[in-house]
Amino acid sequence: MIKNKFLWCVTVLVALLQAAVLCWHYFNPKIVFIGVLDAPYLLDVPSWFSLIIMPIFSLCCLLLMRKRLQNTTVNRGKATTYALIGFVFSFNYGATLAGSYYWAMELYTVMLIIGIAVIACIVKSYRAECVFGFALSLSFVIGALQAMVLALVTASVCWLLYKCRKLPLHFARDNSFT
């Protein structure tokens, strides 16, 4: 069970991490955020926007995760452990993807994006803890708004792939001659 104190501590920690990233970008002006929002024809998103949007996003994800864990009746300890493992793995996967994107390793980035689709067929990677870890790790390189949009689109595709993974087997079984 996730306590309220833990929710607020993680939310404040996310806000402090975003503030640290903004301070680092302020004192290192030669290094800029990489992303689509740097295009001059798009709306200018202020850099402090991540201080508002990312803690709210983290709180929403943590509340969804708490609701799912409270509804678990079989083994809450095991479910909490799996949620923590999902967060850590998705955070590391997002950090690897962000690093490969930052250092312009195009082939590696494409392979990691394809890997998301493969992982989505096996694991429920659309859950709140995975989306939160993925968005948090990407927000350090591409900005909070882009990271959240990318994480939510990825979660939608992962949900669709996970739900449709058995369809080819179902149709193959129905059309068999045995």
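**α4, outward face.** I started with the side of α4 turned away from its buried residues, and found the exposed residues Glu 106, Leu 107, Met 111 and Ile 122 there. Note to self: this is a predicted model.

**α4, inward face.** Next I pulled up the buried residues of this helix: Thr 109, Leu 112, Gly 115, Ile 116 and Ala 120. Their directions around the axis cover an arc of only 140°, so they sit on the same side of α4. What do the buried residues of α4 pack against? I got three helices: α3, α5 and α6.

**α4, length check.** I wanted to know whether the span of α4 agrees with its residue count or departs from it. With 17 residues at 1.5 Å a residue, I'd expect 24 Å, and the end C-alpha atoms are 25 Å apart, so the two agree.

**The core.** I moved on to the largest nonpolar core, which has 34 residues. Which of them touch the most other members? My list reads Val 14, Met 54, Phe 57, Met 65, Phe 132, Phe 134 and Leu 138. I then checked where the core residues come from: α1, α2 (49-70), α3 (76-102), α4 (106-122), α5 (128-142) and α6 (144-163) each give at least two. The largest share is that of α5, with nine residues.

**Val 14.** I picked this one from the core list and looked up its contacts, leaving out residues up to four places away in sequence. Val 14 touches Met 54, Pro 55, Ser 58, Phe 132 and Leu 136. Met 54 and Phe 132 are also on the list of core residues that touch the most other members.

**Val 12.** I looked at this residue too, which lies in helix α1 (residues 4-27). Is Val 12 buried, partly exposed or exposed? Its relative accessibility is 48%, so I filed Val 12 as partly exposed. Pro 55 turned up again here: the C-alpha atoms of Val 12 and Pro 55 are 7.1 Å apart, though 43 residues separate the two along the chain.

**Glu 129.** Last stop was an acidic residue in helix α5. Buried or exposed? Glu 129 has a relative accessible area of 4%, under the 20% cut-off, so I put it down as buried. I then asked which side chain makes a polar contact with the side chain of Glu 129. The partner is Arg 68, at 2.7 Å. Not counting residues up to four places away in sequence, Glu 129 touches Met 65, Arg 68, Ala 83, Phe 87 and Ser 90. Of these, I had already noted Met 65 in the core list.

Note on methods:
Residues numbered from 1 in each chain as written. Predicted model: local features only at pLDDT ≥ 70, side-chain atom pairs only at ≥ 80, totals over all residues. Heavy atoms only, no water. Buried < 20%, exposed > 50% of the residue type's maximum accessible area, 1.4 Å probe, protein only. Core = buried A, V, L, I, M, F, W, Y, C linked by side-chain atoms within 4.5 Å. Contact = heavy atoms within 4.5 Å. Polar contact = N/O pair within 3.5 Å; in protein donor to acceptor, adjacent residues only side chain to side chain. Expected span 1.5 Å × (residues − 1). Arc of directions from axis to C-beta.
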